[in-house]
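I opened this notebook to keep track of what I looked up in one structure, entry by entry. My plan was to begin with a single side chain and to work outward from there.

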Amino acid sequence: MAKKATLNYNYTNSSFKKKMLTSIEGIYKNGRIELVEQPNNVLEGTKVIVTFIKSNEIDLASHEIDPAQAEALRTNLTTFVDDWNSDEMSIYDNYDAAKYRF
């Protein structure tokens, strides 16, 4: 079972010091985390918690779509933007559940 992230307090010199959490964006590649920026005021050897976030980006190259094809698709699909974003299209947000109501 995964541990919950909590804020800890250290008792020092009759006062409480709060341990802060610092978040820095990074990318996971080849079994390593590459940080986008270097953290400030973080000691070497400090423990970390890593959270993986699913990206909303689509790897077009893995679908054999080159930049020119992507631009052509974007241009062609632009005509549908107003219709797709209309209130009436919200029925398709959860299509599978909605189709059983009919």
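**Entry 1: a ring at the surface.** I started with phenylalanine 52, keeping in mind that the model is a predicted one. I looked up its relative accessibility, which is 58%, and because exposed means over 50%, phenylalanine 52 counts as exposed. I then asked where phenylalanine 52 lies, and found it in the loop between strand S4, residues 32–35, and helix H1, residues 67–77.

**Entry 2: its partner.** My next search was for aromatic pairs, and the count comes to one. That pair joins tyrosine 28 and phenylalanine 52, with 5.4 Å from centre to centre and 85° between the planes, which makes the arrangement edge-to-face. Tyrosine 28 belongs to strand S3, which covers residues 26–29, whereas phenylalanine 52 sits in the loop after S4, so the pair ties together parts that are 24 residues apart in sequence.

**Entry 3: the patch around the pair.** Which residues make the nonpolar surface patch? I noted Tyr28, Ile33, Leu35, Val48, Val50 and Phe52, which together form a patch of about 630 Å². Both members of the aromatic pair are therefore part of this list, as I checked by comparing the two entries.

**Entry 4: the hairpin.** Since tyrosine 28 lies in strand S3, I turned to what S3 is paired with. S3 and S4 run antiparallel and are joined by four bridges. The bridge partner of tyrosine 28 in S4 is isoleucine 33, a residue that I had already written down for the nonpolar patch. I also noted that isoleucine 27 stands opposite glutamate 34 in S4. As a reminder to myself, I added that in a regular strand the side chains alternate between the two faces of the sheet.

**Entry 5: the turn and another positive phi.** How many residues lie between the strands in the hairpin of S3 and S4? There are two residues between them, and asparagine 30 takes a positive phi near 50° in this hairpin. I marked that value because asparagine 30 is a residue other than glycine, and I placed it in the loop between S3 and S4. With 81% relative accessibility, asparagine 30 counts as exposed. Glutamate 64 also has a positive phi, near 55°, and is likewise not a glycine. The place of glutamate 64 is in the loop between S4 and H1, and at 71% relative accessibility it counts as exposed.

**Entry 6: charged pairs.** Side chains of opposite charge can pair when their charged atoms come close. I searched the whole structure for salt bridges and found two. One of them is between lysine 29 and glutamate 34, whose side chains meet at 3.9 Å from N to O, a value that falls within the 4 Å cut-off. Lysine 29 has a relative accessibility of 41% and counts as partly exposed, and glutamate 34 is partly exposed with a relative accessible area of 41%.

I then looked at glutamate 71, which forms a salt bridge with arginine 74, the closest N and O atoms being 2.7 Å apart. Both residues lie in helix H1, three residues apart, which is about one turn of the helix. Glutamate 71, at 42% relative accessibility, counts as partly exposed, and arginine 74, at 48%, counts as partly exposed too.

**Entry 7: the whole chain.** Having followed single residues, I stepped back to the protein, which has three helices and four strands. From the N terminus on, these elements run β-β-β-β-α-α-α. I looked up how much of the protein is buried, and buried residues make up 2% of its 102 residues. The protein exposes about 10800 Å², of which carbon and sulfur atoms supply 52%. My last look was at contacts with a separation of 6 or more, and residues 24 or more positions apart account for 6% of these.

Note on methods: Residues are numbered from 1 along each chain as its sequence is written. This is a predicted model: local features need pLDDT of at least 70, side-chain atom pairs count only at pLDDT 80 or more; totals for chains, interfaces and linings use all residues. Side-chain values use heavy atoms; hydrogens and water are left out. Rings of Phe, Tyr and Trp (its six-membered ring) pair if their centres lie within 6.5 Å; planes under 30 degrees apart count as stacked, over 60 as edge-to-face and the rest as tilted. Buried means under 20% relative accessible area, exposed over 50%, partly exposed in between (1.4 Å probe, protein chains only). Patches are made of residues with over 30% relative accessible area and no salt bridge: like charges are joined within 9 Å, nonpolar side chains (Val, Leu, Ile, Met, Phe, Trp, Tyr) within 5 Å. Accessible areas come from the Shrake-Rupley method with a 1.4 Å probe; for residues, only the protein chains shown count as cover. Contact means heavy atoms within 4.5 Å. Two strands pair if DSSP finds at least two bridges between them.
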